[in-house]
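Work through the following exercises with the sequence and the coordinates at hand, attempting each task before reading its solution.

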Amino acid sequence: MYDAIIVGARCAGSPTALLLARRGYKVLLLDRATFPSDMPLSTHYVHQTGTARLKRWGLLDKLAASNCPPITRNYFDYGAFTLTGSPPPAEGVQEAYAPRRKALDPILVEAAAAAGAELRQGFSVQELVCGPVPSPWPRSPRARGCRRPGPCPSVNGPGPRSRAIQITGRPVPATA
Ligand SMILES: Cc1cc2nc3c(=O)[nH]c(=O)nc-3n(C[C@H](O)[C@H](O)[C@H](O)COP(=O)(O)OP(=O)(O)OC[C@H]3O[C@@H](n4cnc5c(N)ncnc54)[C@H](O)[C@@H]3O)c2cc1C
């Protein structure tokens with residue numbers, strides 16, 4: 001039995017799992033990907049507000065140790081002119097980073113697992129099964145050792161293409 005099931009273990013799912021697990025909740029973290037793996041559709045920039053959170057969670061040193069260079073000054077080249085400047089620090093953190101997702105996501109995934117979240121990689125959620133109370137349970141055709149349906153709330157991402165939202169027909173939440 002889990003307090004929360006999180007589908008998607010990258011930059012939204014893993015920190016959610018991390019924070020819940022650190023508060024003592026029993027968390028299942030699922031992803032059809034296996035880590036480390038890249039996400040080509042991303043420009044990777046983590047703003048100061050993001051790096052401040054990584055620092056708060058004790059993960060910024062690990063990102064810095066991945067040989068990803070810190071960014072403190074930005075240049076936006078619009079051809080006719082260039083905007084140059086340094087964004088203000090967030091919570092005292094001046095640096096931004098632009099890590100490959102192959103570097104960033106495993107740091108988040110491993111931190112969630114270290115906090116006690118149970119991680120299942122290579123697990124593609126295909127449907128949700130409702131248990132004795134009307135709460136959905138993710139199932140995968142390739143699931144091994146999947147527990148039987150039960151009264152367990154699930155956490156799903158807010159994206160309109162979320163499989164959970166498609167299945168349940170619930171409105172897209174404002175926050176995850
Ligand atoms: C071109 C582009 C450039 C971008 N550049 C930036 C940037 O520079 N800085 C920035 O902050 N943001 C950027 N973004 C946005 C950023 O990529 C997203 O906000 C971020 O990736 C969302 O994180 P997420 O964890 O919600 O989802 P994702 O990173 O998309 O991860 C979702 C995970 O869920 C898993 N998953 C999905 N469905 C299932 C299922 N049914 N079963 C099991 N697993 C499943 C997937 O395998 C995946 O690992 C960019 C986006 C795009 C498209």
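Buried residues, those with 20 or more other C-beta atoms within 10 Å of their own (exposed means 12 or fewer, partly exposed in between, with C-beta atoms placed from the backbone), make up 27% of the 176 residues in the protein chain. The model is predicted, so that local features need pLDDT of at least 70 and side-chain atom pairs count only at pLDDT 80 or more, whereas totals for chains, interfaces and linings use all residues. Residues are numbered from 1 along each chain as its sequence is written.

**Exercise 1. Determine how many helices and strands the protein chain has, and in which pattern they follow.**

Step 1: take helices as DSSP runs of H or I of at least four residues and strands as runs of E of at least two, numbered from the N terminus; the chain then comes to 5 helices and 7 strands.
Step 2: read along the sequence, which gives the pattern β-α-β-α-α-β-β-α-β-β-β-α.

**Exercise 2. Find the order of the strands in the open sheet, and state which strands lie at its edges.**

Step 1: count two strands as paired if DSSP finds at least two bridges between them; 3 strands then form an open sheet in the order β1-β2-β5, with parallel pairing.
Step 2: β1 (4-7) and β5 (118-121) each pair on one side only and are therefore the edge strands by the pairing rule.
Step 3: check the individual pairings, where β1 and β2 are joined in the parallel sense over 4 bridges, with Ile 5 partnered by Leu 28 in β2, while 4 bridges also join β2 (residues 27-31) to β5, with Leu 30 partnered by Arg 120 and Leu 29 standing opposite Leu 119.

**Exercise 3. Describe the surroundings of β2 and of Ile 6, asking which residues are buried.**

Step 1: 5 of the 5 residues of β2 are buried, so the strand is largely enclosed by the rest of the structure.
Step 2: separate the two faces, with Val 27, Leu 29 and Asp 31 on one side and Leu 28 and Leu 30 on the other.
Step 3: turn to Ile 6, which is in strand β1 and is buried, with 27 other C-beta atoms within 10 Å; its C-alpha atom is separated by 4.9 Å from that of Leu 29, although the two residues are 23 residues apart along the chain.

**Exercise 4. Test whether the span of helix α4 agrees with its number of residues, and identify what its buried residues pack against.**

Step 1: the expected span is 1.5 Å times one less than the number of residues, which for the 14 residues of α4 (residues 101-114) should be 20 Å, and the end C-alpha atoms are 19 Å apart, in agreement.
Step 2: list the buried residues of α4, namely Leu 104, Asp 105, Ile 107, Leu 108, Val 109, Ala 111 and Ala 112.
Step 3: with contact meaning that C-beta atoms, placed from the backbone, lie within 7 Å, these buried residues pack against α1, β2, α3 (60-64) and β5.
Step 4: continue past the helix, where α4 is followed by Gly 116, whose phi is positive, near 115°.

Key
Contact = placed C-beta atoms within 7 Å.
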